[in-house]
Amino acid sequence: MSTVTPQPAQPAHAWREQVLAGFRRELDSMIEQHEITEFTEQTATEAVSASSERLREIARNRDRFGTFFTSQKVGEKLGGISRQAVSARVQKSTLLRVTTSDDVSAFPSFQIRAGDVPGPMKKLFQTLLPAAPDPWGVLYWMTSPLEEFGGRTAVEVVDDGDWREVKLLKGMAQDDASGWAAG
């Protein structure tokens, strides 16, 4: 996941061919480097199964989290601020950054509105991030359907802008942060 900025969609058949060509290259490289040395029907089935499950996981994550921005793109979206200024906002817990398994910083795009992070969202981050086991927990919290709001997520509640709902949401965040901190 080196590039996290969304790209334009293409027809399914073109995407399929692109994926298959890339998979062939990766598979050939793994065979050449002796990373794969057993060529049985079972290992072929396992490879297809593992690849399919990973693709499903990626699709589920994209559906849940939306797209992500790189540090550079976030700086641009926040009015052309520097990477250092982006890092300062992360340190102040007013901007949510997660790190992927391959050590890439990724910023959920849902947090940027009209060149800034909405005030209520910043407050939620400031409440949740210091107590959370990791930023991914906050990302899940922000994108989980909430019964109290008819199945809407915290992101949707903030976007809707009803101050009474936002106040209730902040209380829920404080309760959950207290629970996280207590361990």
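## Salt bridges

Partly exposed means a relative accessible area between 20% and 50%, so R152, at 22%, falls in that class. This is a predicted model, and R152 pairs with D160 in a salt bridge whose closest N and O atoms are 2.4 Å apart. D160 counts as partly exposed too, at 48% relative accessibility.

That pair is one of eight salt bridges in the structure. Another joins the side chains of D159 and R113, at 2.8 Å from N to O. This one ties together distant parts of the chain: D159 sits in helix α7 (residues 154-160), R113 in the loop between β3 and α5 (119-128), and 46 residues separate them. D159 is partly exposed at 38%, and R113 is partly exposed at 31%.

## A small network and T94

K122 and D116 make a salt bridge as well, with their closest N and O atoms 3.6 Å apart. Add R89 and you get a linked network of R89, D116 and K122. K122 comes in at 24% relative accessibility and D116 at 29%.

Two members of that network, R89 and K122, also touch T94, as do V117, F125 and Q126. T94 lies in the loop between α4 (83-91) and β2 (98-99). With a relative accessible area of 11%, T94 is buried, because the cut-off for that label is under 20%.

## The sheet

Just past that loop comes β2, part of an open, antiparallel sheet of three strands ordered β1-β3-β2. β1 (68-69) and β2 are the edge strands, each pairing on one side only. Two bridges connect β2 to β3 (residues 105-108), and V98 has A106 in β3 as its bridge partner.

Notes
Residues numbered from 1 in each chain as written. Predicted model: local features only at pLDDT ≥ 70, side-chain atom pairs only at ≥ 80, totals over all residues. Heavy atoms only, no water. Helix = DSSP H or I, 4+ residues; strand = E, 2+ residues; numbered from the N terminus. Buried < 20%, exposed > 50% of the residue type's maximum accessible area, 1.4 Å probe, protein only. Contact = heavy atoms within 4.5 Å. Pairing = 2+ DSSP bridges. Salt bridge = Lys/Arg side-chain N within 4 Å of Asp/Glu carboxyl O. Lists of a residue's contacts leave out its neighbours within four places in sequence.
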